[in-house]
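Open the model in your viewer and keep the selection tool ready. We will go stop by stop.

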Amino acid sequence: MTEAAVSIDRVRLARAYLSRVAEPPAPALAAFVDEVGPVEAAERVRAGTVPAAVEGQTSARRAEDRAEHDLRRIAELGGRLVIPEDEEWPEWPFNALALAAANGLKCGLAPLALWVRGKANVAELAERAVAVVGSRDASGYGQHIATEFGHGLAEAGIVVVSGAAYGIDGCAHRGALAAGGATVAVLACGVDVPYPAGHANLIARIPERGLVVSEYPPAQTPARHRFLTRNRLIAALGDGTVVVEAGRRSGAKNTAASTTALGRVLMAVPGPVTSASSTGCHELLRSGEAIAVSSVAEVVESTGRIGADLVEANRRSSTALGPPQGDAVRVHEALGLTTGHSAEVIAVESGVALSTVRALLPEFEMAGLAERVETGWKRSHVIAGCGDA
């Protein structure tokens, strides 16, 4: 029987079984599945009639045939198993993993399947996404930046991808949710395992507007090596990765390495030179691996495809909507025509609260109404008819 003639239900059942019997990324098993198809691969793994390399990756668990139970469990959670044969499979992001693996990236390869909680379409969320990662032991500065970035990216229509950990990850997710945007949490355990326990409520909220995903089957517990393995998925699902804070040996640097290997944009937020929490970020900047970002607008601009798509869309919409209104008019009119001014100077000139000015300036930049120069902020001349006298 050809693979085309095999029902999608049998394929899904086979991939559910295979996702449990081998510890990801299982390169020998993945190659075997590509060669003979998932249904035949599952049958031969059960029977133990597989090449030696596949035997080594599956023999310890091949009797763990819990596929039907796992599929029922994920359905009870309102989730599903997404497989490469589905239309919502994020093919482009995961093709990059396959290419990176061919070039020697450790922990490369696409997953055999994705266990998913949430109704959103995986491929659609991955179309415009940025990963935001960093230290679990984040400083107040890092938590503030991560929350602001999560919120601002979500407002710009960009999906925030992270790992649901304490510190930077949790702040990025919360920022996105607070803005009413979508966020994706990639776990190093089953999607029915709330880890860390202190983020149980956060993980439960994410599927309401986004997704909780994992390549590990239900009930699988977290382990140190699984965090490192899942980091490649965080990097793959975003068009770029922002490292907000990272110590010298932070797991975020592992995600950063995967981002670079995948050819995606790696960004880092500079921190105080005295802060151990920013040491990893400064190393990435000093080595030239990452570019420095200090605002949501810079992240949007730096992530290539997203920058091209979203900035142009915002420029068109701002032209259609006409000039800024209310406080925004006063802030825009306080911008210099040729010389940049600081946010503080603009606040004094406009009479608008400094916090409001700081919130409006990045929005003006994304809409093409203002630009940042060496001396501060000034009006952009890209668009006419924006309230200039």
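## The second largest pocket

The lining of the second largest pocket divides into eight nonpolar, nine polar and six charged residues. Keep in mind that this is a predicted model. Now select Arg136, Arg249, Ser250, Gly251 and Ala252. Of the 23 lining residues, these lie nearest the centre of the second largest pocket. The space here is about 450 Å³. Next, colour helix H11 (224-237) and helix H12 (251-261). Each gives at least two residues to the lining of this second largest pocket. H11 has the largest share, with six residues.

## The largest pocket

Move on to Glu148, Val296, Arg358, Ala359 and Pro362. They lie nearest the centre of the largest pocket, among 29 lining residues. Which elements give two or more residues to this lining? They are helix H8 (140-155), helix H17 (343-350), H18 and strand S11 (376-379). Select H8 on its own: its eight residues are the largest share of the lining of the largest pocket. The volume of the largest pocket is about 820 Å³. By class, its lining has 13 nonpolar, 10 polar and six charged residues.

## Helix H18

Stay with H18, and select residues 354-366. Put a distance between its end C-alpha atoms: they are 19 Å apart. Why does that agree with the expected span? H18 has 13 residues, and at 1.5 Å a residue it should span 18 Å, so the two values agree. Now show the side chains of Val357, Leu360, Leu361, Pro362, Phe364, Glu365 and Met366. These are the buried residues of H18. Pro362 is thus on two lists: it is buried in H18, and it is one of the residues nearest the centre of the largest pocket. Step just past the helix to glycine 368. This glycine takes a positive phi of about 80°.

## Strands S4, S5 and S6

Select strand S5 (residues 183-186). Are its residues buried or exposed? All are buried. Thr183 and Ala185 point one way, while Val184 and Val186 point the other way.

Add strand S4 (residues 159-162). S4 and S5 pair in the parallel sense, over three bridges. Find valine 161, which stands opposite valine 184 in S5. Then show helix H9 (residues 168-178). Together, S4, H9 and S5 make a right-handed β-α-β unit.

Now add strand S6 (residues 211-214). S5 and S6 also pair in the parallel sense, over three bridges. Here alanine 185 stands opposite valine 212 in S6. Follow the chain from S5 to S6: it passes through helix H10 (residues 200-209), and this β-α-β crossover is right-handed.

## The cavities

How many cavities of 30 Å³ or more does a search of the whole structure find? It finds two.

Start with the second largest cavity, with a volume of about 70 Å³. Keep Val161 and Val184 selected: both line it. Add Leu114, Val122, Leu125, Ala126, Ala129, Val159, Leu211, Val213 and Leu237 to complete the lining. By class, that makes 11 nonpolar residues, no polar and no charged. Helix H7 (122-127), S4 and S6 each supply at least two of them. The largest share, three residues, comes from H7.

Finish at the largest cavity, which holds about 100 Å³ of space. Select Pro24, Pro25, Pro111, Leu112 and Glu215. Of its 13 lining residues, these lie nearest the centre. The lining of the largest cavity divides into 10 nonpolar, one polar and two charged residues.

Terms used:
Residues are numbered from 1 along each chain as its sequence is written. Side-chain values use heavy atoms; hydrogens and water are left out. Helices (H or I, at least four residues) and strands (E, at least two) are DSSP runs, numbered from the N terminus. The expected span of a helix is 1.5 Å times one less than its number of residues. Buried means under 20% relative accessible area, exposed over 50%, partly exposed in between (1.4 Å probe, protein chains only). Two strands pair if DSSP finds at least two bridges between them. A crossover is right-handed if, with the strands pointing away from the viewer, the path from the first strand over the helix to the second runs clockwise. On a 1 Å grid over the protein atoms alone, a cavity is a set of points where a 1.4 Å probe fits but cannot get out, and a pocket is an open set with protein on both sides within 12 Å along at least five of seven lines; lining residues have an atom within 4 Å of a point. Grid points are joined across faces, edges and corners, and a volume is the space filled by probe spheres set on the points. Ala, Val, Leu, Ile, Met, Phe, Trp, Tyr, Cys and Pro count as nonpolar, Asp, Glu, Lys and Arg as charged, and the others, Gly among them, as polar.
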